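Biologist: Before we look at any details, could you take me through this model one topic at a time, with the cut-offs behind each term?

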Amino acid sequence: MRLGFTLLLLLLVPGLGLAQIIRRSIPDKLVVLTFDDGVSTHATAVAPLLKKYGFGGTFFVCEFPPDFADKQKYMSWEQIKQLDKMGFEVANHTLTHKHVGKLTKDQLIGELDALEARCAAYGIPKPVNFAYPGYAIHPQAYEVLGEKDYHFARIGGDRAYDPTRDHPYLIPSYTTLKDNREVILKGLEEAKYGKIVILTIHGVPDYAHDWVTTPPALFEEYLNYLRDNNYKVIALRDLDQYVDWKEAARVIALPGR
Ligand SMILES: [Zn+2]
């Protein structure tokens, strides 16, 4: 009897832990669109298209140096504010696109705070999600994000996100490029059995960094594919409905810890 009870507990407890991370059953074909670097075509091309398709999206903005003032390359803060008004998420990519491992703790806090202050100045809600500039990670960043109560932090990695295994400060994404259509289409098939596919998209096209450009025709092909195959396309902040990030951060180990 006692042995049976112990076995029952062993069987149930890990399951209970997972149940606490997962707030609501994650549907198949759940996709998160994220857009990096505050580039001009996010305002001029991407946002209107997302509206047309009824899709959500998260824009990880910064004042990318040295050309932030060049509005052919980058959005103005007025344009970023419009993204928020259109119902999209504006999130933190540091103020000046600094790799987190190259900053002291105070400098990283300063970069995050400065971006939050810009948002506040333009009436944009305080960002709660983060994307690592250059996909560069560092243990110090996990600490800072935790202290600042950030929910999710996105990396690269070209694989699907498993909320029961991936720490919320290391959630992977697929990066769209001009020549990796097969990788992306195959990746989208991974959005099932509790996994979520997150895409990282730079400019459409990208006038600042050609090597991460996504051609407009290819981007629209992805949007058509998502619509025609009944994907649910959301912003990163919408993951809060499905994933208890605090519980996930508590129970999932970080590397090097
Ligand atoms: Zn970036």
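Modeller: Among contacts in the protein chain between residues at least 6 apart in sequence, where a contact means C-beta atoms, placed from the backbone, within 7 Å, the share that joins residues at least 24 apart is 72%. This is a predicted model, in which local features need pLDDT of at least 70 and side-chain atom pairs count only at pLDDT 80 or more, while totals for chains, interfaces and linings use all residues. Residues are numbered from 1 along each chain as its sequence is written.

Biologist: How many helices and strands does the secondary structure of the protein chain come to?

Modeller: The elements are DSSP runs numbered from the N terminus, with helices being H or I over at least four residues and strands being E over at least two. On that basis the protein chain comes to eight helices and eight strands.

Biologist: What radius of gyration does the protein chain have, set against that of a compact globule?

Modeller: The radius is taken over C-alpha atoms, and the globule rule is 2.2 Å times the number of residues to the power 0.38. For 257 residues the rule puts a compact globule near 18 Å, and the value for the protein chain agrees with it, at 19 Å.

Biologist: Which residues of helix α5 are buried, and why do they line one face of the helix?

Modeller: A residue is buried if 20 or more other C-beta atoms, placed from the backbone, lie within 10 Å of its own, exposed if 12 or fewer, and partly exposed in between. An α-helix has 3.6 residues a turn, so residues three or four places apart point the same way. In α5 (residues 139–147) the buried residues are A141, Y142, V144 and L145. Seen down the axis of α5, the directions from the axis to their C-beta atoms fall within an arc of 165 degrees, so these residues line one face of the helix.

Biologist: Which elements do the buried residues of α5 pack against, and what is the handedness of the β-α-β crossover?

Modeller: The buried residues of α5 pack against α4 (105–121), β4 (129–131) and β5 (152–157). Two strands pair if DSSP finds at least two bridges between them, and β4 and β5 pair in the parallel sense over three bridges. The chain crosses from β4 through α5 to β5, and, with handedness judged with the strands pointing away from the viewer and a clockwise path from the first strand over the helix to the second counted as right-handed, this crossover is right-handed.

Biologist: Which strand gives the most to the largest nonpolar core?

Modeller: A nonpolar core is a set of buried Ala, Val, Leu, Ile, Met, Phe, Trp, Tyr and Cys residues joined through C-beta atoms within 7 Å. Of the 68 residues in the largest one, V31, V32, V90, A153 and I196 touch the most other members. The strand that gives the most to this core, with five residues, is β1 (residues 30–36).

Biologist: Where is the cis peptide bond with omega about -5 degrees, and in which loop does P205 lie?

Modeller: That cis peptide bond joins V204 and P205. The loop in which P205 lies is the one between β7 (197–201) and α7 (216–228).

Biologist: Is N230 buried or exposed?

Modeller: N230, in the loop between α7 and β8 (232–234), has a positive phi of about 60 degrees although it is not a glycine. Because 8 other C-beta atoms lie within 10 Å, N230 is exposed.

Notes: Two residues are in contact if their C-beta atoms, placed from the backbone, lie within 7 Å.
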